[in-house]
Amino acid sequence: WFPRMVLVLVIGDVHLPFRATELPPKFKALLVPNKIQHVLCTGNLCSKEMQDYLRSLANDLHAVRGDFDENDTLPEHKVVTIGAFRIGLCHGHQIVPWGDADALASLQRQLGCDILVSGHTHAFEAHERGGKLFINPGSATGAFNTIIPEPMPSFVLLDLQGTLATTYVYELVNGEVGVKKIDHTKAS
């Protein structure tokens, strides 16, 4: 018996159309309907069109409000259970200092999640701490911000099988898509 593979797109800080003109075409070619079961978005989509696009990839779209989102119906934080994992979702502008490992760990404990997904810094980051996984998918468009003037466009696909979470980070480097893999086993 093998656990069923569940693919989760983790994406955020798109900032369309204000800080970027489009999702990189090489990313769009990889993100096709009927392959992904869930989408987790850290916010700053900034347009209904982008939200509709993400929903076209997977009906199960979970998003939180970023500091540039006008949709005030989106929550600040959210916890979603997918398979064996409780996944916390937060934009990240509420984390002070931004991207700080201790502050993220505090939020992870508050939300009681196995994986915490946050954004705002526009830079991919993944690390384990205390048996928990922390992921920042970066900015899917490479939109500029005050922290990093020219962020590398990136997004994450999470492959969840039983208690194993495999993180695939896709980054656009010199016009080509590079992929890195990180394995994490849920603490018992």
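These are my notebook entries on a predicted model of a protein.

**Entry 1. Elements and their order**

I began with the secondary structure. I counted three helices and eleven strands in the protein. I then read the elements from the N terminus on and wrote down the order β-α-β-α-β-β-β-α-β-β-β-β-β-β. I looked up the radius of gyration next and found 15 Å, close to the 16 Å that the globule rule gives for 188 residues, so the protein is as compact as a globular protein of that length. For the extent of the C-alpha trace I noted about 45 × 35 × 35 Å along the principal axes.

**Entry 2. Interior and contacts**

I asked what share of the 188 residues is buried. I recorded 52% for the buried residues. I then turned to contacts with a separation of 6 or more, and found that residues 24 or more positions apart account for 56% of them.

**Entry 3. Surface and charges**

I looked up the exposed area of the protein and noted about 9000 Å². Carbon and sulfur atoms supply 54% of this area. I also listed the charges, 16 positive and 20 negative. The mean positions of these two groups are 7 Å apart.

**Entry 4. T141**

I next examined T141, which I located in the loop between β8 (132–137) and β9 (154–161). Is T141 buried or exposed? I found a relative accessible area of 11% for T141, and the limit for a buried residue is under 20%, so I entered T141 as buried. I followed its side chain as well: the side chain of T141 reaches the backbone oxygen of V14 at 2.8 Å.

**Entry 5. N34 and N174**

I then checked backbone angles, bearing in mind that most residues other than glycine have a negative phi. Which value does phi of N34 take? I noted a positive value, near 70 degrees. I placed N34 in the loop between α1 (25–30) and β2 (38–41). Its relative accessible area is 74%, and the limit for an exposed residue is over 50%, so I recorded N34 as exposed.

I went on to N174, which is not a glycine and has a positive phi of about 50 degrees. I found N174 in the loop between β10 (164–173) and β11 (176–185). At 78% relative accessibility, I counted N174 as exposed.

**Entry 6. Summary of the residues examined**

I closed with a short list.

- T141 is buried, and its side chain reaches V14 at the backbone oxygen.
- N34 is exposed and has a positive phi.
- N174 is exposed and has a positive phi.

Conventions
Residues are numbered from 1 along each chain as its sequence is written. This is a predicted model: local features need pLDDT of at least 70, side-chain atom pairs count only at pLDDT 80 or more; totals for chains, interfaces and linings use all residues. Side-chain values use heavy atoms; hydrogens and water are left out. Helices (H or I, at least four residues) and strands (E, at least two) are DSSP runs, numbered from the N terminus. The radius of gyration is taken over C-alpha atoms; the globule rule is 2.2 Å times the number of residues to the power 0.38. Buried means under 20% relative accessible area, exposed over 50%, partly exposed in between (1.4 Å probe, protein chains only). Contact means heavy atoms within 4.5 Å. Accessible areas come from the Shrake-Rupley method with a 1.4 Å probe; for residues, only the protein chains shown count as cover. Lys and Arg count as positive and Asp and Glu as negative; His and the chain ends are not counted. The place of a charge is taken as NZ of Lys, CZ of Arg, CG of Asp or CD of Glu. A polar contact is a pair of N or O atoms within 3.5 Å; within protein, one must be able to donate a hydrogen and the other to accept it, and residues adjacent in sequence count only if both atoms are side-chain atoms.
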